[in-house]
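Visitor: I'm new to this one and would love a close look at a single part of it. Could you take me through the sheet, piece by piece?

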Amino acid sequence: MLLERIYDDALAQASYLIACQETGGAIVVDPNRDVAQYLDAVARRSLRLELVTETHIHADFVSGARDLARASGARLLLSAEGGPDWQYAVAKDESARRLSHGDRFDVGHVRFDVRHTPGHTPEHICFVVTDRKSSERPVGMLTGDFIFVGDVGRPDLLERAANVHGTMDRLARQLFHSLRATRDLPDFLQIWPGHGEGSACGKALGAMPSSTFGYERLVNWAFQIDDEDNFVREVLAGQPEPPKYFARMKAINRDGPPPVPAMRELPALDLAGLERAMKAGASIVDVRSTADFSTEHIPSTINVPIGDSFSTWAGSLLPYDRDIVVLADTQDRIARARHMLMLVGHDRVVAYGDRGLRDEWRQHKGALARVTLMDASDLATDDRRLVIDVRGRPEWDAGHLPRAKHLFLGDLAELARDIPRDTPIAVYCQGGTRSSIAASVLQAEGFSDVANVSGGFREWEAAGRAVTTPAAGATDPVSDQIPSHSNRTLHAY
């Protein structure tokens, strides 16, 4: 048996190519939208792709299963579990085989046994893999978003991201029983998870690429709790805010993703073209580093720097019903941004601009914008600014600046809507990147005096300054964070 883990750092996501080396047949499990990488891997090893499948309806990226099956001629296998609300709409159109608990299929001498493992999602399945040329004992389990290294898949996404009310508690209980149902699996069985450290599909994912059931039974917190109610409380506690685009991904992947768009050469915009795009409502996203953006940038542009969190924030902050213009100083950054936008379904990238566009703006429109940078010492002595913490709720609960207001970055534009635009503001996160994004969002919303605390909470705490933690049972109502003139009712985080 051959096993290749194909990992995408931007999504913290793992796909798997498994093949029978004797027959040359292969299967890909949980492919993302970049189908070329799987076709290349199959061709490089002189294999024949026979099957394509996935463990569940993904929320954090557009699935590539249908496109890969079409491109290769492989048969598509999809879960039949989950009830009427979570059936794949594309299964019939693609002549897909529907998989249920207890089903079995083979790729050459490699056997796959299907297990229904609801909890993260209702339809989730896993695959127990046996290399029958070596042994009739299984070698590993493709766990998808069921079991990670050090964690388990969060059961709150349908309710918190997709607004399917009343599912959080039920799925948490299903997850508890799915874990208990693995007791028959041997300690030596390897675990091949669908995500690694940095994924929002859990709260404490480990960085190791794989594990074993024996090791996870010793150290994974989820295996240490035998009481169902205690497990439910623990698995739902401290989960980070789900990225806003997750609901869209769930619907797209359930109902059928659109084909991958042709990657035609992007046109370069001049100043007149940029102004037309702005007037038409396009999202103008500057993907340079936070330092470069802070120094100078075109007004009303949003900074989402290329990095491991780019897809998360681009998916959350850029509307899907608008064209996108990418600003960067190198073709490499433009290409990387376009690729990562494609992975989360942003297909309307229509043009780009380079440093020449900034020069043209400066020549014809005047000074470029900048973000004021502050350090912890500056903030400690500046009491005129409204201090906004844009981190996630678990980070806020662990400690925050004494006079800070909590406005999560993913909802910042909405939550800050009624703050007067001339209010001096300082934004901070843990280390400075998210707050740079936040500063750009606020500037684009018309705030005239925004500073980024570039060292973030980490620098504040390292200097030994006081921090605050919420009192037991306290809430963080957003309505209390907006100036008193506001009469809007806002969702609480």
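Guide: Happy to, and let's start with a word we'll need: two strands count as paired if DSSP finds at least two bridges between them. In general, the strands of a sheet pair through backbone hydrogen bonds, either parallel or antiparallel. Keep in mind that what you're looking at is a predicted model.

Now for the sheet itself. Six strands make it up, and they line up in the order β1-β2-β3-β4-β5-β6. The sheet is open, and its pairing is mixed. At the edges you'll find β1 (2-8) and β6 (97-99), each of which pairs on one side only. Going from one strand to the next, the twist averages 25°.

Let's stay at the β1 edge for a moment. Its partner is strand β2, residues 13-19, and the two pair in the antiparallel sense over seven bridges. If you'd like a spot to look for, find R5: it stands opposite Y16 in β2.

Next, move along to β3 (25-29), β4 (48-53) and β5 (75-79), because there's a helix to see there: α2, residues 65-72, lies across these three strands, and contact here means heavy atoms within 4.5 Å. Which angle does α2 make with β4? The helix runs at about 155° to that strand.

So here's the picture to keep: an open sheet of six strands, with β1 and β6 as its edge strands and helix α2 lying across β3, β4 and β5.

Notes: Residues are numbered from 1 along each chain as its sequence is written. This is a predicted model: local features need pLDDT of at least 70, side-chain atom pairs count only at pLDDT 80 or more; totals for chains, interfaces and linings use all residues. Side-chain values use heavy atoms; hydrogens and water are left out. Helices (H or I, at least four residues) and strands (E, at least two) are DSSP runs, numbered from the N terminus. Axes are lines fitted to C-alpha atoms, for helices over the stretch in contact, and angles run from 0 to 180 degrees between N-to-C directions.
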